[in-house]
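Trainee: I would like a close look at a single part of this model, the surroundings of the ligand. Please take me through them in one go.

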Amino acid sequence: MELAAQGRPVDEVIADLTAKRADDVKWADGKTFGMVYDGGPSVHEVAEQAARLYLHENALNTQAFPSLAAIQREVVGWTGALLNDAELSGGPAAGFLTSGGTESILCGVLAARERAAIERGVTEPEIVLSESAHAAFHKAAHNFGLKVHKTPVRDDFTADVDAMAAVINSNTALVVASAPQYPQGVQDDVPAIAALAASVDANCHVDACMGGFVLPFAERLGRTVQPWDFRVDGVTTISADIHKLGYAPKGVSVILHRTKESRKYQTFVFGDWIGGFYASPNMQGTRSGLPMACAWAVMQHLGIDGYVELTRQTLENADKMRAGIAAIDGVRVLGDGDLHLVAMASDPAAERQIDMFALGDALMKYGWYHDRQTPPDNLHSTVSNTNTGVIDDYLADLATCVDEVSGTTTDDRSTTYATLE
Ligand SMILES: Cc1ncc(COP(=O)(O)O)c(C=O)c1O
């Protein structure tokens, strides 16, 4: 594995790189339910042009790149307004751009730990979360030394707030709510969880990595949206991913704090070395300007109306998918979610029982890609505008595949969500 001594011409390199992609999922054909979110040709166009402009820029030092300071300020400000920070007495909310949902969550957990230590003297911080909370919270707890209390979900897959109340205590630094959670796409009772956190003066982080760029527009579409944002008392931080349903290319999310005062708990400021004053807002050092600029450009290009339209399409796709699954004997949707995440499992009430992972393999042969989860074994879809125009074909292939795999099983029980290689 040695890099060749001699460099190669541009076209050859790019041809090789293009060839490497042969086995990657073909997300552009709409048959992948997750990972890539496609806002359409003009969204690609504006992102590609922004990416070219900011390919090399570095947000490590915004004195050198004041445009990136402005980009961050504006994108964070627009997102805060979408999350109704105007209704805050001490508002507006304050935040930073990060590289993605996981980094926003790392920042939220670190800030909670720091606030608990500094304001309440907590030396053995704890985090209370439901088993549906994203794995990133466990990663954060592991990295930052918080003890995790993981509580079960209710039958409807929402966090069991009574179970959370039973483990909350004076060491609790953070209580987590999801809007919505990833596995079944249902939203937790955010007001109840936020009140619980407030009862011990802990932070409440709302993980809206998935919902942050859906719920505000679902509300504008007149859909029923349960309270989840800064209008809820006790919510202290929110993560919202622009690189998911915000339709920007990968590498950008927002972490928002209810006040600028509490934002300081996630930052790192250091002067005690011989390299100069060092202040860092998140987990990174050098920070690519590219995803930040793409987020700015995509948000400007879409505007509220563009997002409302993409959300209308997305939710119609998901509604159609749920209805279609319900009409196929042998499979069912888990939970009562009405957003853009759909988990499909075998239906215990049906005459034929389906091995969901065999079904996943069969669907893959028709080009459809789902993540797998358990328990119970189910196939997960993050539906978006990417899937517009293909849901009828999907449901037809699904019905065929359910027939095909009925009575068969697979030994492959793997449920890969993320990998190390
Ligand atoms: C609810 C939720 N939170 C957090 C994350 C983590 O986001 P990322 O993969 O961008 O780090 C995800 C990813 O799907 C998610 O669905």
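Mentor: What follows describes the residues around the ligand and their contacts with it. The model is predicted, so local features need pLDDT of at least 70 and side-chain atom pairs count only at pLDDT 80 or more, while totals for chains, interfaces and linings use all residues. Residues are numbered from 1 along each chain as its sequence is written, and side-chain values use heavy atoms, with hydrogens and water left out.

Around the ligand there are 14 residues, of which Thr 102, Asp 207, His 243, Lys 244 and Tyr 417 come nearest; a residue is near a molecule if one of its heavy atoms lies within 4 Å of it. By class, this shell has 6 nonpolar, 5 polar and 3 charged residues. Here Ala, Val, Leu, Ile, Met, Phe, Trp, Tyr, Cys and Pro count as nonpolar, Asp, Glu, Lys and Arg as charged, and the others, Gly among them, as polar. Helix H4, residues 101-120, gives the most to the shell, with 3 residues; helices are DSSP runs (H or I, at least four residues), numbered from the N terminus.

Oxygen atoms of the ligand also pair with polar side-chain atoms. For His 243, an N or O atom of the side chain is 2.8 Å from a ligand oxygen. A polar side-chain atom of Tyr 417 lies 2.9 Å from an oxygen atom of the ligand, and for Asp 241 the distance from such an atom to a ligand oxygen is 3.5 Å. On its own the ligand has 390 Å² of accessible area, and the protein covers 86% of that (Shrake-Rupley method, 1.4 Å probe).

Notes: Polar contact = N/O pair within 3.5 Å; in protein donor to acceptor, adjacent residues only side chain to side chain. Helix = DSSP H or I, 4+ residues; strand = E, 2+ residues; numbered from the N terminus.
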